[in-house]
Every structure is written in structure tokens, then in C-alpha cells.
Amino acid sequence: MKRTVDVSLPIGPVHPVFKEPCRIKCETRGEYVLNAEIELGYVKKGIERIMRGRPWQEVMFLAERVCGICSVIHNMVFIEGVELISDISLTDRAAYLRVIVNELDRIQSHLLANYSYCYTIEHETLAMYLLNLRETAMDALERLTGARVTCSYIIPGGVRFDLSEADARWLQETVDTIDSELTRFVTMFKTGSLIALRSKEVGIFTREEAIESHAVGPTARASGLTHDCRLDHPTYRRLDFTPVVYTEGDNYARIMVRFDEVFQSTALIRECLDRLELGKIRGGGEVIAGTSRWAGEAPRGELTYQITTDEYGRVMNIGIRTPSIMNIEACAHYMIKGVLSAADVTSTYISSDPCIACNER
Amino acid sequence: MVEYLYERDLSQMKYIIVTSPLHETVLAELAEHYGLGRQAIRRKMIEECDMSFLENIPARYEVWKAEDSPRDPMERQLGMRLLTVCIPMLSPEEMKAVEASVRSQISEGIPEAEAYEAGMEAIREMIRR
Amino acid sequence: MSRLQDLKNTVRSKSIHVCYVNVGSCNGCDIEILACLAPRYDIEQYGIYVHNNPREADVLLITGAFSPQWEDKLMELWEKIPEPKVAIAIGNCPISGCVFNREGSYVDPPVRKHIPIGAEVPGCPPRPTEILQAVLSLAPVVFKDYEGGNE
């Protein structure tokens, strides 16, 4: 088919709004975007290849370094996959501590994603507020796990460090601070007329398209899909929790889903702290040969690990499917297509919270 | 003479993507179903899809498997939606032509298995091309 | 030393434009660079301004273990930055490849093979304060008497 294309507009790989290198090639007619294509390969490291044949103790750290933003969930899903193979059980306290750390990670990731979006639509004030609030979540993460980013907190059969009484009280206060501060910022976001102009009805992503491209996480939940892997997780099922769903499918809905999920995460952390009883944080166990497929809900959506181990606890084969794979594809082929101006390309792209490092591994 | 700035041959990078463990599983199933070599399918994928799409192939393949349409015997056999929408290796027009010829063969009284085989051969031909 | 040069030195040490580029990292270092922007660390009080435009940059922060797509592009990027300029490697990846420097991976560390590196900040990832300190302590040294050095 022949098309009239005025301009082929490449954006990237180094661009002021991109946190990571990737290249969006847009075909435009005037400002209207007819088609978009994403060129990757700028952060391809071949992690799955180097993981093969290495002991799980080593793969655990590699898994965490698939993505630096959501490192806790990579750690968690890999370890849970290994536990599933070897039938290692978990103490209650460790299970709740895992959820607490995972939710803190989700808070910081969502705040970072919304910061990026606000920065992209040039609302720097709100962006800076959110980034500052994220530091509060990072402090909590550091106090619990000992590191800000790659903390490798979760190990087979438990977690690395216990939560002291004083830390638990402090965490409760921190979570309250996040809640009260964020309520203010969300009101700013909801009532800002600039934000509404730049976000509402931009980058529409329908439910059918979401199903077709297998979109996951907040991107899918903003289009009316209720899928959330936390519903299938044994610990989360004990907690009071329903997924946040919006049906508009535009940039605004995607950002609001993330804001609401931060409140949900703080509620989950509070509930976990209430249920936390004294006990062991580590059990024993041995990693044996087997195969498993385990999925967890990363901040960006469903993260799947397919692991095969041998009798020495070495990882023989591993397949990682990160949420960004689906979401970036959905973003490029459905959301950006049909956007009215070239300025909306970047904001729409950022609204799907792309993580290139995840995508390419 | 137009000289393209900043464009380089991406097939090597794309090839790296389609040789990941999850892609191997999908390719094995596709190769067995269509009776084609993996390399031929890979080549067609690399030609037709951009990089983000290639990454998403395992997920899209799962979507197709979970859909209702594969229960329809013709879809299960030929994978019309699979090859045009879920993993767009062939254009909808090409696929329609194949589908029409298979349907006409069946209505003419040719056994279904034979008609499907003829359709598969046409698809194989298009992927190899 | 002329007065003009003194003035230039003062101005340069109080106005540092930063560009960061990810050549194959896990994002960990990138978000720590972003965290420097937060009001908590307030990078702008030192006159450091982060905007990802190589044409305006003085300091290039490099994260990541150098993936093959950057082979030609990183040098191009480096040449786009106006003199005086300096590159700082952030994290273990550009220094040694960190966990990714294994047989079978696609990366090609260290980055100093590809472009000249002025300083290296180890850590996986380094803390925002360490990044900040590296930029602040290196930039005035490199940019001091730049014109004088040329003569």
C-alpha cells in the first residue's frame, strides 16, 4: 500500500525526555503520526545467555540487574521460581516482609514513572514534588534492605534482614507521610488544566488492543483489563486487595492508575505491618533439579520467569519475559499511532512507563 | 542522491532477539506446525517486524493460543489470525487469498485434510519467499 | 593569569551542564543520576543543570557496559560536545563491565576503550551524593584555565 508520508521523524536515541536510549521512528503527515516503529538494541547485554550454566547464587544477582528500577520484583520472582522447583516453604514473617519491600519498590517505581510523565509534559513543579517524595520511599527501602537500588533482600526460604520494632514504627510513619503528601500532589494533578489538556484523550489504547498485544500492568488496567498477578500470589491473597481499574485508556488514566496503586501499596504495607508476628525470617532448603514457570506483578506488569535447574542448583535454562516487552510494543503500535502532534509522541511513550533495560535484558 | 543518515542494518540485533530462550519455544512450535525450518521463519520475522514487535512475539503467540478462534479447525490448522494479526508475517490480502482457495476447495468436495495441506503449502511458499 | 581567565574559571565552575547517556546499563545508575535532581540533593544549587542535550553539555555521564549498537554512535556523541568537556563513568559497568562482563554476553567494556574518560565512580550503583561529588570535584579542575592550556 502506498502512503503519503511527509516526514519521517526519528526521536532518540539520546533525547532530553528519555531516561534510556531507544529510537522512535515516526511517519508523520504534518503533525499527525501515521505510524511508529521502535528501534532497540542500545542496552542489549544478553543476560539470559550469561545466566545459563551458573549457580543460582550468581543468577540471583544477575536477575536483579535485569532492571534497576524494579529490582526487588526480579529478585522475588526468580527466588519464588526456585522455591517452587525445590518445594522450599516460607515463614509467615518472611512472606509479609517480602510484600512490604515489594510494595515499597512499587511505590518508588510508580512515583518515578509519574515524575517522568510530569517532566515530559513540562510540569516541572509537580515532577520535582514527586521525585522528592520518591526519596522518602527510597529511604524506607534502604533502611529495610541496606541498599537503595540493588538490594538482593529476598533469598530462598526467607529474607536477609529482620525488621526491628523501631523500624516498623518508623516505616508506619513514613507510609503515612507518603499518603498525606501524595494526596496533595494527586489533587494538583487532577485539577491542573495544563495536565488535562496534555493528557486526556491522548494516546488512546482500547481494551481490544490491550488484549491483542497482551498489554500488562497499569497500562492494561487503564484500558479496563483487571488482570493483576498479585491476585494469584499466595501472600497477597491473604491481604485485602482489589486491582485498580480505569476504562478510559488515555495518558491520564494510565497516570491515575499509578497514583491509585501507590495508595493501594501503602494500605498493603500497613496491613502487613499489622499482621507481622515475631518469628523466624529464614527457613532452610536445598535447590534441586526441576522446571518452573512463575509470574509476579512488577510495577510495570506481569513478569514471568521460566527456570530449569539441575541437581547442583545450577540454572540450566532461563527465559525472562518482562512487562516492558508487551507495553513498549503496545505503545509503539497502538498508542502513538494516531497521536495528533509530535509533542504528544514523547508524553504518550513515557505514559506507558517504558523500561528499555527490562525489554532488552 | 539521498543519503540516509543514521540508519544501519539492524538484522544482526534483530537476530539476537529472535534467538532468546522464549522465542526458541515459539519457533519450535511454529516450525513443527508449518513444516518449515526455524531459520526461514526467523528470516521472515526479521524482515516484517520491528524490534519491539520481535521482542513481543512469545506473548502474542500465547494470546493467540488462549483465544477462542484456534478452536475453529481452519484457524487452528492455517493460523490466519496468527500470521496476519498476532505475528504479522503475511499481509491480510495474501492470507485472504489462501483462505478463499482452501474454502473453495472444501466446497468442491476435496477432503479437508488435502485442502488444508494445499493451504499450508501456499503459506510455506510465502514465508520462504 | 589574566583577569578574564579568572572570570571564566569562576563562571565555568558555577555553571556545569550535564548530559547522561546509557550505553547498556540496568537503569540502576540512571535512576541514581535522576535522583540527584530531586530537591533532597538539589543539584541545581551547585550550578549543575541536567538536560540530555550533548550540544550544550560540559560533562558527559556514562552508565552501562557498552553494547554493540553504540559502536559508532558514542564517538559521534562525544564529538558533538563542545570543548572544554569531560566524561565521567558512573558505576561499575563502564569501568569493568560489572556482572555483565562474562563469556557470552554482548557487551564490550570498559568504556575508556571507546572514548576518553576523566573520572570513574565505582558502585553498583553509586549513591547520588557520590555522583554529585564526582561532578563537583572534577569539573573545576578540568575546566580551569582551559584557554591557557591551549596556547
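## Reading surface, interface and backbone in a predicted model

Trainee: Which residues form a nonpolar patch on the surface of chain C, and with what accessible area together?

Mentor: The residues are C:L4, C:L7 and C:V11, which form a nonpolar patch on the surface with about 300 Å² of accessible area together. Please keep in mind throughout that this is a predicted model.

Trainee: Where is C:V11 placed, and is C:V11 buried, partly exposed or exposed?

Mentor: C:V11 sits in helix 1 of chain C, which covers residues 3-14. Its relative accessible area is 49%, so C:V11 is read as partly exposed, given that the exposed class is reserved for values over 50%.

Trainee: Turning to the interface, how many residues does the contact take from chain C and from chain A, and what area is buried between them?

Mentor: Chain C contributes 40 residues to the contact and chain A contributes 44 residues. The area buried between the two chains is about 3,500 Å², and carbon and sulfur atoms give 59% of that area.

Trainee: How many salt bridges and polar pairs should I look for across the interface of chain C and chain A?

Mentor: The rule finds 4 salt bridges across that interface, and the count of residue pairs in polar contact between chain C and chain A is 17, with both residues at pLDDT 80 or more. As a particular case to inspect, A:E142 forms a salt bridge with C:R127, where the closest N and O atoms are 2.7 Å apart.

Trainee: Which elements of chain C supply the side that touches chain A?

Mentor: At least two residues each come from strand 1 (16-22), helix 2 (28-36) and helix 3 (73-80) of chain C. Helix 2 of chain C gives the most to that side, with 6 residues.

Trainee: Within chain A, where is A:E64 placed, and is A:E64 buried or exposed?

Mentor: A:E64 belongs to helix 2 of chain A, residues 56-64. Because its relative accessibility is 0%, A:E64 counts as buried, the cut-off for that class being under 20%.

Trainee: What does the side chain of A:E64 join in a polar contact, and which residues does A:E64 touch beyond four places away in sequence?

Mentor: The side chains of A:E64 and A:R65 are joined by a polar contact of 3.4 Å. Leaving aside residues up to four places away in sequence, A:E64 touches A:S71, A:H74, A:N75, A:T150, A:C151 and A:S152.

Trainee: For the backbone, which peptide bond leading to C:P110 or C:P125 is cis, and with what omega?

Mentor: Both are cis: the bond from C:P109 to C:P110 has omega near -10°, and the bond from C:C124 to C:P125 has omega near -5°. C:P110 is found in the loop between helix 4 (92-96) and strand 5 (119-121) of chain C, whereas C:P125 is found in the loop between strand 5 and helix 5 (128-143) of chain C.

Trainee: What is phi at A:D87 and at C:F66, and where do these residues lie?

Mentor: A:D87 has a positive phi of about 55° although it is not a glycine, and C:F66, also a residue other than glycine, has a positive phi near 65°. A:D87 lies in the loop between helix 3 (71-86) and helix 4 (92-120) of chain A, while C:F66 is in the loop between strand 3 (59-63) and helix 3 of chain C.

Trainee: Is each of these two residues buried or exposed?

Mentor: A:D87 has 69% relative accessibility and therefore counts as exposed, whereas C:F66 has a relative accessible area of 0% and is therefore buried.

Note on methods
Residues numbered from 1 in each chain as written. Chains lettered and ligands numbered in written order. Predicted model: local features only at pLDDT ≥ 70, side-chain atom pairs only at ≥ 80, totals over all residues. Heavy atoms only, no water. Patch = residues over 30% accessible without salt bridge, like charges linked within 9 Å, V, L, I, M, F, W, Y side chains within 5 Å. Areas by Shrake-Rupley, 256 points an atom, 1.4 Å probe, with all protein chains shown as cover. Salt bridge = Lys/Arg side-chain N within 4 Å of Asp/Glu carboxyl O. Helix = DSSP H or I, 4+ residues; strand = E, 2+ residues; numbered from the N terminus. Buried < 20%, exposed > 50% of the residue type's maximum accessible area, 1.4 Å probe, protein only. Contact = heavy atoms within 4.5 Å. Buried area = accessible area lost by both parts, 1.4 Å probe. Polar contact = N/O pair within 3.5 Å; in protein donor to acceptor, adjacent residues only side chain to side chain.
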